[in-house]
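Biologist: Could you take a close look at the empty space in this protein for me? I'd like to hear about the pocket and what lines it.

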Amino acid sequence: ILLGLDKPTSGTALIDGQPYATLDQPLRTVGAMLDGASAVLERRGVDHLRWIAQSNRIPLQRIDEVLEMVGLTDAAKVRVRKYSLGMKQRLGLAAALLGEPRILVLDEPVNGLDPEGIRTVRTFLRRYADQGNTVLLSSHLMGETAETVDDIVVINKGRIIADGTLDEITEGHGSLEDAFFTLTGSEPGKSW
């Protein structure tokens with residue numbers, strides 16, 4: 001909804017007071033990773049980023065910078081079809097970072113990453129936010145989410161059922177996962 005890919009049943013989602021579609025240079029304001037790299041499998045990683053950079057008037061030297069940031073420099077010339085799930089995630093993050101946006105919108109950014117990759121992404125996202133940027137993270141990995149975020153919005157069946165700081169949401173619960181199950185009224189493992 002924030003990126004204009006779906007319509008809300010009510011309300012609006014604005015970035016700096018305007019819809020995403022009306023931003024002058026959207027990739028310089030918001031970087032998004034919604035489904036890993038979403039790259040053409042026969043394209044090389046560097047070519048995927050070059051296409052995005054050129055189509056958005058982003059300097060090509062930025063490609064090497066983001067490849068280094070996400071640890072894909074050595075795999076830049078490999079075809080995406082040969083990438084592991086974790087490498088595709090890293091390529092998606094590199095694409096989101098190309099325009100040096102103030103806002104990142106990330107869906108399951110650590111999916112498929114090994115423990116080192118997860119820690120690297122977590123550390124990077126914390127640092128990115130600490131520099132005054134905004135990171136919106138969507139994840140079903142409650143433990144990992146609790147290690148990364150400051151504020152939580154719990155959505156159940158398309159509706160916001162709770163929002164606040166991590167401490168506020170988890171108060172009285174053993175973990176974010178416990179809070180989630182209590183807030184959604186579901187019991188772990190019962191839906192099987």
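Modeller: Here's a walk through the open space, then the enclosed space. Keep in mind that this is a predicted model, where local features need pLDDT of at least 70, side-chain atom pairs count only at pLDDT 80 or more, and totals for chains, interfaces and linings use all residues. Residues are numbered from 1 along each chain as its sequence is written, and side-chain values use heavy atoms, with hydrogens and water left out.

The largest pocket comes to about 1,600 Å³. A pocket here is an open set of points on a 1 Å grid over the protein atoms alone, with protein on both sides within 12 Å along at least five of seven lines; a cavity is a set where a 1.4 Å probe fits but cannot get out, and lining residues have an atom within 4 Å of a point. Volumes are the space filled by probe spheres set on the points, which are joined across faces, edges and corners.

Lining that pocket are 44 residues, with Leu136, Leu137, Ser138, Val153 and Ile155 nearest its centre. Elements giving two or more of them include strand 3 (134–138), helix 5 (115–130) and helix 6 (142–148), but strand 4 gives the most, five residues. Helices (H or I, at least four residues) and strands (E, at least two) are DSSP runs, numbered from the N terminus.

As for enclosed space, there's one cavity of 30 Å³ or more, and the largest has a volume of about 60 Å³. Leu137 turns up in its lining too, along with residues including Glu108, Val121, Arg122, Leu125 and Glu144. Helix 5 supplies the largest share of that lining, three residues, while helix 6 supplies at least two.
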